[in-house]
Structures are given as C-alpha cells and as structure tokens.
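Visitor: I should like to examine this protein chain with you, one question at a time. Please give the reasoning with each answer.

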Amino acid sequence: IPVFLVDQPIAAGNEALYETLIATDNVKAGRDLATYLVTTMNDPELKVAIIEGAPGSVAGDDRLTGFNEGLASGNITPVASATGMWDNATALAAMETILQANPDLQAVLSASDVMVDGILQALAGAGKTDVKFLAIDDSEVGIQGLMDGTIMADNTQDPMAMGSMAAEFAMGMAAGTVEPGSLEKYIDSGTVTVTLENAEEA
C-alpha cells in the first residue's frame, strides 16, 4: 500500500516506508521571515527575541534554525530564545520573562501562529505595543493580526497544496499513471512571506 507523508516527516532511515513527504521547508520559512525583519528594520543593533516551538519538534527545530540563519544574515544574534511549547499560556510566560530581562526589546519571532495570542498578551501587558512581531503559519489568527497591525509579517504554510498533491499522487498510483518509487522523497509545498500589502491574497 503506497504511503504519502503530509506535513510531518518520520525518523531518518525509514525512507523505504513511504513514497514521498510533502511539506513546508520550515528552515526556509524561518529564514525568509527573519531576513524580512532584518532587511526591513535595517538596524545592526536590533534586539530580537525568539519564541520557539516544542523541543524535539522537527518543524519547530527547523524554524528555529531558519530564524537564526536569517538573523545572522544581518549579523544579529537574538537577545533571548525560549520555548513556547506551541501553547499560548507557555508562550505568554516565556514572553513575560524575556521582556523583564530585555525591556528594550524591538522584535519577536514566533515559531507558530498558535502562540500569537499569548505573546501579544505579554507585549500588551508590558506596554510594548511598538515591538515588531512576526510569526509562521498564515492561519486566520495570523492574517487577522496582519490586517489589524499587531503582526508585521507571517510566513505561510499551504496545507491545501499538501493535501491536494498527496491525493493526486495517490489517485495516480491507483490508476497506474504514477509509478511507485518515481516520486522525489521530499516535495516542498512552498512558503511565502505575507505582509499587510499582500495579506488579502494569502
């Protein structure tokens, strides 16, 4: 039975168990978002914090790698980096701790929109509504944040593209038009940096 992985990989060394993995290039998503921040702000002394995903999560770890690569393109090292565990309450507490230690913070990169509400609550509570906030997922929460000005940029995932490609390949194999073993082991479903200027198209 052909197996198609969507969004999440399995442990390395098990490539023979599936036809292809269709997923976001999370390193690129993180790198593009951080690079956008660096380029837009154009401040070599920019004070940036990162709210990470759960430790050990492939997507979270890859986005963190991308964040650091993007910041490094501007010779910027984050002043703090802490896990938000993909959870608003944990992200709120992490953000509060970071703000206490870094009251002059200028920007925050979040590994996911699922932590947006907690981070925004912490920023509002500290009166830091001028801190630039960027995230990944392009969910309804992220798009709404772009529209109301609380989020500067949000990098997309495209779950519809992932699902439709997987369905197309599965039907192709069932019909005999796609040969087993013929697909690349990884197919990038794409990511785009969304800002207020292109939010309505996202």
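**Helix α1 and its surroundings**

Guide: The buried residues of α1 pack against β3, α2, β5, β6, β7 (153–156) and β9 (193–194). The model is a predicted one.

Visitor: Which residues of α1 are buried?

Guide: A residue counts as buried when its relative accessible area is under 20%. In α1, that group consists of N26, V27, A29, G30, L33, A34, L37 and V38.

Visitor: Why might buried residues recur along a helix at short intervals?

Guide: An α-helix has 3.6 residues a turn. Residues three or four places apart therefore point the same way.

Visitor: How far apart are the end C-alpha atoms of α1?

Guide: The helix has 16 residues, and at 1.5 Å a residue it should span 22 Å. The distance in the model agrees with that expectation: the end C-alpha atoms are 23 Å apart.

Visitor: Which residue caps the N-terminal end of α1?

Guide: The cap involves the backbone nitrogen of V27, which has a side-chain oxygen 3.3 Å away. That oxygen belongs to D25.

Visitor: What is the phi of N42?

Guide: N42 comes just after α1. Most residues other than glycine have a negative phi. For N42 the phi is positive, at about 50 degrees.

**The nonpolar cores**

Visitor: Which residues touch the most other members of the largest nonpolar core?

Guide: This core has 43 residues. Those that touch the most other members are L37, I51, L71, M95, L109 and I119.

Visitor: Which element gives the largest share of this core?

Guide: Two or more residues come from each of α1 (26–41), β3 (48–52), α2 (58–72), α3 (88–101), β5 (107–110), α4 (116–125), β6 (132–137) and α5 (140–148). The largest share is 6 residues, and it comes from α3.

Visitor: Which residues does L37 contact beyond its neighbours within four places in sequence?

Guide: L37 is one of the buried residues of α1. Contact here requires heavy atoms within 4.5 Å. By that criterion, L37 is in contact with N42, L46, V48, L71, A107, L109, K132, L134 and M152.

Visitor: How many residues does the other core have?

Guide: This core lies apart from the largest one, and its members include I22, M162, M165 and F169. Its count is 11 residues.

**Individual positions**

Visitor: Is V108 buried or exposed?

Guide: V108 is found in strand β5. Leaving out residues up to four places away in sequence, V108 touches A49, I51, M95, I119, V131, K132, F133 and L134. Its relative accessible area is 0%, so V108 is buried.

Visitor: Is A101 buried or exposed?

Guide: A101 is found in helix α3. The threshold for exposed is over 50% relative accessible area. With a value of 60%, A101 is exposed.

Visitor: Which residue has its backbone nitrogen 3.2 Å from a polar side-chain atom of S57?

Guide: S57 is found in the loop between β3 and α2, and at 17% relative accessibility S57 counts as buried. A polar atom of the S57 side chain lies 3.2 Å from the backbone nitrogen of G60.

Visitor: What is the phi of D7?

Guide: D7 is found in the loop between β1 (4–6) and β2 (20–23). At 27% relative accessibility, D7 counts as partly exposed. Its phi is positive although the residue is not glycine, with a value near 80 degrees.

Visitor: What is the phi of W86?

Guide: W86 lies in the loop between β4 (80–83) and α3. At 29% relative accessibility, W86 counts as partly exposed. The phi of W86 is likewise positive, near 60 degrees.

**The chain as a whole**

Visitor: What is the radius of gyration of the protein chain?

Guide: A compact globule of 202 residues would have a radius of gyration near 17 Å. The chain agrees with that expectation, at 18 Å.

Visitor: What percentage of the contacts with a separation of 6 or more comes from residues 24 or more positions apart?

Guide: The secondary structure comes to 6 helices and 9 strands, and buried residues make up 46% of the 202 residues. Among contacts with a separation of 6 or more, residues 24 or more positions apart account for 73%.

Definitions and conventions. Residues numbered from 1 in each chain as written. Predicted model: local features only at pLDDT ≥ 70, side-chain atom pairs only at ≥ 80, totals over all residues. Heavy atoms only, no water. Core = buried A, V, L, I, M, F, W, Y, C linked by side-chain atoms within 4.5 Å. Buried < 20%, exposed > 50% of the residue type's maximum accessible area, 1.4 Å probe, protein only. Helix = DSSP H or I, 4+ residues; strand = E, 2+ residues; numbered from the N terminus. Expected span 1.5 Å × (residues − 1). Polar contact = N/O pair within 3.5 Å; in protein donor to acceptor, adjacent residues only side chain to side chain. Rg over C-alpha atoms; globule rule 2.2 N^0.38 Å.
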